Amino acid sequence: MVTAVRHLGPNWYAAVMGTAIVATAGVALPVHLPGLRTICAAVWLLSLALLLSLLCARALHWRHHADQARAHLLDPATAPFYGCLAMALLAVGGGALTVGRYWIGTRAAVALDAVLFTAGTAVGLAAAVVVPYLMAVRQKAEPQQATPVWLLPLVAPMVSAALGPLLVPYLPAGQPRATLLLACFAMFGLSLLATLVMLPLVFARIVTGGPLPLALTPTLFLVLGPLGQSTTAVGKFADVAPGVVPAPYSQGFGVLAVLYGVPVMGFALLWLGLAAAHVVRARRHGMGFSMTWWAFTFPVGTCVTGAEALARHTGLVVYDWLAMGLYAVLAAAWTTAAVRTARGVVSGALLAGPRPVPVVLRPATARTTSGAVR
């Protein structure tokens with residue numbers, strides 16, 4: 001077991017995020033299918049089990065393979081995935097209140113979410129500072145290395161902003177509720193502005209540097225994360241603001257949910273089309289399965305929850321249909337990634353170290369006395 005976790009990186013938390021969003025997005029769909037809530041609760045329990053398993057495995061990794069763990073922190077391609085740890089904690093915690101409470105009870109769900117939200121927010125804020133700092137000071141990242149993976153530590157506070165309002169009604173009325181709501185709004189601004197700074201680097205790299213390597217092509221879907229999650233966040237602010245902040249501001253949150261969410265969701269759909277086109281190209285060029293395929297899950301799930309929020313605040317049926325269509329994509333992507341990951345874990349292929357690059361030896365040559373090469 002100790003040897004098996006040597007190459008277990010923080011990117012594995014993406015599987016927890018992708019599983020949790022299937023449950024939370026599914027339970028809020030504008031359809032009432034028999035057994036849907038039970039299925040979503042079971043998927044959430046699976047995400048909780050995955051989170052606990054990965055936390056134990058990563059603890060073993062740091063305990064017995066500290067050299068590899070430090071190497072991950074100094075690698076600009078791996079360090080940003082520490083944002084996934086924060087988002088995994090937050091996603092499972094939010095799922096406890098949205099769907100898990102039907103199985104474990106409201107009191108236990110609130111306690112679990114409070115713990116995971118606090119831990120996830122702390123880790124997310126730390127990652128948003130530490131990872132860019134290491135990239136600038138220790139990793140010496142260059143513009144041509146920019147990929148959507150760089151967005152991961154910056155998106156984590158946005159996940160806190162979107163899921164924090166779930167706890168607002170369970171706090172004492174007055175200052176505690178208003179403080180949490182405005183803290184979430186501050187994290188919304190923090191993450192949004194940081195994303196707006198980083199995204200042009202990623203877009204410029206794609207346009208001027210050519211397509212990403214085949215294995216990294218699925219990470220283009222990561223750009224959907226801050227777009228869908230920010231739309232979800234402003235919708236959640238509008239849901240809980242009445243009675244928490246004074247009337248002019250509570251009404252302002254309702255206006256923001258529509259005036260911000262509609263254009264951002266439009267851009268998300270544009271990017272979805274662009275990313276899908278790149279993935280189709282990559283598949284034609286031989287892109288195989290890797291853990292980056294989990295990028296097809298959580299970011300798409302945030303667009304589902306964003307569409308659900310727009311459906312609530314605009315009353316437009318088109319957003320209900322959009323949410324259901326995107327959820328179908330999410331369910332298909334999750335099933336594919338989960339099956340392929342389980343197969344790779346059982347076979348050991350996903351837990352193995354990177355394969356050494358084969359060395360091609362030049363053929364030996366000899367010269368005759370006449371000088372001819374033979």
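This report describes selected helices of a predicted model, two of their packing contacts and one buried residue.

## Helix α10

Helix α10 covers residues 298-314. At 1.5 Å a residue, its 17 residues should span 24 Å, and the C-alpha atoms at its ends are 24 Å apart, so the expected and computed lengths agree.

Most of this helix is covered, with 14 of the 17 residues of α10 buried. Just after α10 comes Gly315, which adopts a positive phi of about 75 degrees.

## Packing of α10 with α11

Helix α11 is formed by residues 317-347. The axes of α10 and α11 come within 8 Å and cross at roughly 165 degrees. Angles over 145 degrees count as roughly antiparallel, and α10 and α11 are therefore roughly antiparallel to each other. Their crossing is left-handed.

On the α10 side, the contact is made by Val300, Gly301, Cys303, Val304, Ala307, Glu308, Leu310, Ala311 and Thr314. On the α11 side, Tyr319, Asp320, Leu322, Ala323, Leu326, Tyr327, Val329 and Leu330 take part. By residue class, the contact of α10 with α11 comprises 13 nonpolar, two polar and two charged residues.

## Packing of α1 with α4

A second helix pair consists of α1 (residues 13-27) and α4 (residues 82-104). The axes of these helices lie 8 Å apart, and the angle between them is about 30 degrees. Since angles under 35 degrees count as roughly parallel, α1 is roughly parallel to α4. The crossing of α1 and α4 is left-handed.

Helix α1 contributes Tyr13, Ala14, Val16, Met17, Ala20, Ala23, Thr24 and Val27 to the contact. Helix α4 contributes Cys84, Leu85, Met87, Ala88, Ala91, Val92, Gly94, Gly95, Thr98, Val99 and Tyr102. The residues of the contact of α1 with α4 fall into 15 nonpolar and four polar, with no charged residue among them.

## Thr121 in helix α5

Thr121 belongs to helix α5, which runs over residues 106-137. The relative accessible area of Thr121 is 11%. Because buried means under 20% relative accessible area, Thr121 is classed as buried.

When residues up to four places away in sequence are not counted, Thr121 touches Leu90, Ser160 and Met187.

Methods
Residues are numbered from 1 along each chain as its sequence is written. This is a predicted model: local features need pLDDT of at least 70, side-chain atom pairs count only at pLDDT 80 or more; totals for chains, interfaces and linings use all residues. Side-chain values use heavy atoms; hydrogens and water are left out. Helices (H or I, at least four residues) and strands (E, at least two) are DSSP runs, numbered from the N terminus. The expected span of a helix is 1.5 Å times one less than its number of residues. Buried means under 20% relative accessible area, exposed over 50%, partly exposed in between (1.4 Å probe, protein chains only). Axes are lines fitted to C-alpha atoms, for helices over the stretch in contact, and angles run from 0 to 180 degrees between N-to-C directions. Angles under 35 degrees count as roughly parallel, over 145 as roughly antiparallel, 65 to 115 as roughly perpendicular and the rest as oblique. A crossing is left-handed if the near helix is turned anticlockwise from the far one by less than a right angle, and right-handed if clockwise. Contact means heavy atoms within 4.5 Å. Ala, Val, Leu, Ile, Met, Phe, Trp, Tyr, Cys and Pro count as nonpolar, Asp, Glu, Lys and Arg as charged, and the others, Gly among them, as polar.
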